[in-house]
Amino acid sequence: MPSAKAYAAHQSKEPLKPFDLQRREPGPHDVLIDIHFCGVCHSDLHQVRGEWGFDNAYPMVPGHEIVGKVEAVGNKVSKFKPGDTAGVGVFVDSCRSCPSCKEGLEQYCEGVITWTYGGVEKETGKPTYGGYSTKVVVDENYALKISPKLKPQEAAPLLCAGITTYSPLKQWGAGPGKKVGVLGLGGLGHMGVKLAAAMGAEVTVLSSSSKKKDDAARLGAKALADMSNPKSFSDLAGFFDLIVDTVSADHDLTKYAELLKRDGTLALVGLPAKAPSIVPFALTGKRRKVSGSQVGGVMETQEMLDFCAAKGLGADVEVIPMQKINEAFERMLKNDVRYRFVIDMVSLKA
Ligand code: NAP
Ligand code: ZN
Ligand code: ZN
């Protein structure tokens, strides 16, 4: 069985520490990937800290923004060959037979979806471990092809931050003539701005300060509104067709719903620990909607990766060695990242 080096959380809220693990022996449909880079998503942080109230299994090896080189393929694999660059996102399997799986919406599987970490591997019944590790084995149907046009470290965050913003932008019609707000300019938010702008929408960043104004413009936004200033809410009342809300902490949804036009959509992708509330009048008066969206299916993730390759879009990354992960988590909590930490797995291989 391929052995891998990793970093794991052994208890909720404890620093991550080195951890050795075995990957399953690759089966006929599997690819063995030598991981080169893994992005650091705020979901990793929420889960390591046990913030979602799930019964987390430890040790937990986080990481679901994985890019690496295919090292070996099973004898039935047709999508990959050794040497190809491949990606793995938030899930590594699903039931494959429910209506959502059949429609290519595996992220909404009505049976059992296998999360990249914190799940149970179908093949072995053992826990799944994520991408903060040197190797992974995955069924080819759940791995993505990464174009050589993309730098691998900039492609890694596309596997979660990219698809999580691309999918709601597509679903709710971001494009020419549409005004899109991106609430929160972090890992997800900065990809949301790049993607919405590339789709032709007029983008406004809704941020908790004015500090990221120049970055917002560089990423493709027409404007940044500082939402710590109450005037921003009156200036932008009824302005947006769609707001993609990427905020990771508790905030007031009513105030943001009021920035939507009639029939506009507030699409939640951020997953704060605390349940939000909303004043119904903010919705009823203008038939506004609050909705949610979770990553994207395999097909749509591939579409997004190909779109990014064609448009030359990758994430803005700060590459770190694995040994700096605990520091990176602390910096994320202080909102000190522009705009995605990506772990260089060479640091674990030495
Ligand atoms: P991140 O890089 O830490 O960015 C979060 C951003 O939210 C920050 O940059 C900040 O933007 C804003 N923010 C943070 N604290 C705030 C506060 N107290 N008040 C207002 N704004 C605040 O996180 P991320 O990796 O993009 O993830 C964002 C959220 O999406 C997390 O909850 C994560 O779990 C969730 N997520 C969901 C899915 C899904 O499938 N739905 C997938 C991936 C991640 P400003 O500086 O601009 O204010
Ligand atoms: Zn994520
Ligand atoms: Zn299913």
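Helices (H or I, at least four residues) and strands (E, at least two) are DSSP runs, numbered from the N terminus. In these terms N56 sits in the loop between helix 1 and strand 4. The structure is a predicted model.

**The loop between helix 1 and strand 4**

Apart from neighbours within four places in sequence, N56 is in contact with Q47 and G50. Its C-alpha is 9.2 Å from that of Q11, and N56 and Q11 are 45 residues apart in sequence. P59 belongs to the loop between helix 1 and strand 4 as well. The peptide bond leading into P59 from Y58 is cis, with omega near 0°. H64, a zinc donor treated below, is also placed in the loop between helix 1 (42–48) and strand 4 (66–73).

**Zinc sites**

The protein donors of two zinc ions are listed here.

| Ion | Protein donors | Distance | Spacing along the chain |
|---|---|---|---|
| Zinc ion (ligand 2) | C41 (SG), H64 (NE2), C160 (SG) | 2.0 to 2.3 Å | C-x22-H-x95-C |
| Zinc ion (ligand 3) | C95 (SG), C98 (SG), C101 (SG), C109 (SG) | 2.3 to 2.4 Å | C-x2-C-x2-C-x7-C |

For the zinc ion (ligand 2), the donors C41, H64 and C160 include a pair that links distant parts of the chain: H64 and C160 are 96 residues apart, and C160 is in the loop between helix 3 (152–155) and helix 4.

The zinc ion (ligand 3) is held by the SG atoms of C95, C98, C101 and C109. The angles among its four donor atoms run from 103 to 120°, and the site is tetrahedral. Four donors count as tetrahedral if all angles lie between 85 and 135 degrees.

**Packing of helix 4**

Helix 4 (residues 161–171) comes within 8 Å of helix 5 (residues 187–198), axis to axis, and the two cross at roughly 50°. Angles of 65 to 115 degrees count as roughly perpendicular, under 35 as roughly parallel, over 145 as roughly antiparallel, and the rest as oblique. Helix 4 and helix 5 are therefore oblique to each other. Their crossing is right-handed. On the helix 4 side the contact involves A161, G162, T164, T165, Y166 and L169, which meet G187, L188, M191, G192, L195 and A196 of helix 5. By class, the residues of this contact are seven nonpolar, five polar and no charged.

Helix 4 also packs against helix 10 (residues 298–311), at an angle of about 100° and with the axes 10 Å apart. These two helices are therefore roughly perpendicular to each other. Here G162, I163, Y166, S167 and K170 of helix 4 meet E300, T301, E303, M304 and F307 of helix 10. The contact of helix 4 with helix 10 divides into four nonpolar, three polar and three charged residues. G162 and Y166 are listed in the contact with helix 5 and again in the contact with helix 10.

**Backbone exceptions**

Most residues other than glycine have a negative phi, and most peptide bonds are trans. D263 has a positive phi of about 70° although it is not a glycine. D263 is part of strand 14 (residues 260–268). Besides the bond from Y58 to P59, the peptide bond from R338 to Y339 is cis, with omega near -5°. Y339 is located in the loop between helix 11 (325–333) and strand 17 (340–344).

Conventions. Residues are numbered from 1 along each chain as its sequence is written. Chains are lettered from A and ligands numbered from 1 in the order in which they are written. This is a predicted model: local features need pLDDT of at least 70, side-chain atom pairs count only at pLDDT 80 or more; totals for chains, interfaces and linings use all residues. Side-chain values use heavy atoms; hydrogens and water are left out. Axes are lines fitted to C-alpha atoms, for helices over the stretch in contact, and angles run from 0 to 180 degrees between N-to-C directions. A crossing is left-handed if the near helix is turned anticlockwise from the far one by less than a right angle, and right-handed if clockwise. Contact means heavy atoms within 4.5 Å. Ala, Val, Leu, Ile, Met, Phe, Trp, Tyr, Cys and Pro count as nonpolar, Asp, Glu, Lys and Arg as charged, and the others, Gly among them, as polar. Donors are N, O and S atoms within 2.8 Å of the metal (3.2 Å for Na, K and Ca); water is not among the atoms, so sites may look incomplete. Four donors count as tetrahedral if all angles lie between 85 and 135 degrees; four count as square planar and six as octahedral if opposite donors are over 155 degrees apart and all others between 65 and 115; anything else is irregular.
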